[in-house]
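The following report walks through the architecture of a single chain, beginning with one of its sheets and the packing around that sheet. Please read it alongside the sequence and coordinates shown here.

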Amino acid sequence: MQDGSRLEKEMRNMSQEAVQILLTCLKMLREDPDAAAPLIYKLGQEHEELGKELQALAQHVSRQKLAAEETGDERSRLLVELADKQPQWIVVMEEQTGEVLYVNHAAKLVQKNDEELVRKLEKWLRGRPVKEVGETRELTLPREGEMRFYSVSVYPLHWQQRNAAAYVITDVNAEKERVKRLENHAHQDTLTSVFNRYYGMKLFREWLAAGRTFCICFVDLDNLKYVNDNFGHFEGDRYIIRAADLLADFSPNAVAARLGGDEFMVLIPEMSVEKCEERMDEIRKTMDAYYVEEQSPYMCGLSYGVIEVEPGSGMSASDLLGSADDKMYQYKRSHKKRQRKEYFGIELE
């Protein structure tokens, strides 16, 4: 190529028009070397050496651009090959128009089997522009008659010379089910499958904080110690489980929790104290009838105390539970005579 001084000398001898053509050529060489060819030819008619230099430069730029395109094509091929092996759905969409540029193999399978889901998914994606690299969003869509949950991670990128975004969509239903099972396990009493003390008291405090009106029923099984001591803990466990099953079916909106040992708590919304007591009497009679039918050698039953909780009572969950407990003991004492009369020879707790 010419040295700097020769090129500067030649440029000093160029017309204003030729200088403008040269500057346009240099700009076009950076963007599209092929488009600059007519201008290079025209400039070379008047300035042969400069034309040759520009022609050599255009060829050099073209070779570099071709090499870059080949590298980009190879990179795109590798990306597609990797994406097609992923279990997640991957969708690449143009940023401005929302045109779908690519879907991986996993997404194609869904597209083939559930076109409606894909349409809803694409509509959801188009309505959410990219804010930051790797941001994750939650998505809920109906599929196969139920709501399904998805996690969507977003990555802006250049795809085939276009500004685009890659959406990586993961079905998180299995993970949510696993978390739900763990939560249920953590909240359930292992013997009876009703809620445990931790969750029952947690819910009790939440209802109080929300200012709800509801009833709380404190329940104590009669004679459990006698059953354990004389018939074994296996029989005592059967007694506890039977009572828990009945309390769990108290009403559609009620929540039963085992506080420990022979004690239970039932939280009951949308029911008066009188109705709650009537329902508890029904449960007690059901227990009595069951053990009569089974010809049980021991007396069974339960004692309970029901109080109403209203907003603004100023009492804590522990204080309210204590009040229900006191009422339960009043009930237990008042029914001792009936129990003795029905079951002779049984020592009561």
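Aspartate 220 stands opposite glutamate 263 of strand 8, in a model that is predicted. This pair belongs to the antiparallel pairing of strand 6 with strand 8, which extends over seven bridges. Both strands are part of an open sheet of four strands, arranged in the order 7-8-6-9 and paired in the antiparallel sense. Strand 7 (255–260) and strand 9 are the edge strands of this sheet, each pairing on one side only, and from one strand to the next the twist averages 20 degrees. Helix 11 lies across strand 6, strand 8 and strand 9, and its direction makes an angle of about 165 degrees with strand 9.

The largest nonpolar core of the chain comprises 32 residues, among which Tyr239 and Met280 touch the most other members. At least two residues of this core come from each of strand 6 (214–221), helix 9 (224–231), helix 10 (233–248), strand 8 (263–269), helix 11 (273–293) and strand 9 (302–309). In soluble globular proteins, nonpolar side chains tend to be buried together. What does methionine 280 touch, if residues up to four places away in sequence are not counted? Its contacts are then Cys217, Val219, Leu247, Phe250, Leu302 and Tyr304.

A second sheet, also open, is formed by five strands in the order 2-1-5-4-3, and here too the pairing is antiparallel. Strand 2 and strand 3 stand at its edges with a single partner strand each, so that one side of each is left without a neighbour in the sheet. The twist in this sheet averages 30 degrees from one strand to the next. Three of its pairings are set out below, each with one residue pair.

| Strands paired | Bridges | One residue pair |
|---|---|---|
| strand 3 and strand 4 | nine bridges, antiparallel | glutamate 138 and serine 151 |
| strand 4 and strand 5 | ten bridges, antiparallel | proline 156 and alanine 165 |
| strand 1 and strand 5 | six bridges, antiparallel | isoleucine 90 and valine 168 |

Strand 4 spans residues 146–159 and strand 5 spans residues 162–171. Together strand 4 and strand 5 form a hairpin with two residues between them, and in the turn glutamine 160 has a positive phi of about 55 degrees.

Two helices can be placed against the strands of this second sheet. Helix 6 lies across strand 1, strand 2, strand 3, strand 4 and strand 5, and runs at about 150 degrees to strand 3. In helix 5, which covers residues 105–113, the buried residues are Ala106, Ala107 and Val110. Viewed down the axis of helix 5, these buried residues fall within an arc of 95 degrees, and they therefore line one face of the helix. Their packing partners are strand 1 (89–94), strand 2 (100–103), helix 6 (115–126) and strand 3 (135–143).

For the chain as a whole, there are 13 helices and nine strands, and 41% of the 349 residues count as buried. Of the contacts between residues at least 6 apart in sequence, 57% join residues at least 24 apart. The accessible surface comes to about 21000 Å², and carbon and sulfur atoms account for 50% of that area.

Technical notes. Residues numbered from 1 in each chain as written. Predicted model: local features only at pLDDT ≥ 70, side-chain atom pairs only at ≥ 80, totals over all residues. Heavy atoms only, no water. Core = buried A, V, L, I, M, F, W, Y, C linked by side-chain atoms within 4.5 Å. Buried < 20%, exposed > 50% of the residue type's maximum accessible area, 1.4 Å probe, protein only. Contact = heavy atoms within 4.5 Å. Arc of directions from axis to C-beta. Areas by Shrake-Rupley, 256 points an atom, 1.4 Å probe, with all protein chains shown as cover. Pairing = 2+ DSSP bridges. Axes fitted to C-alpha atoms, helices over the stretch in contact; angles between N-to-C directions.
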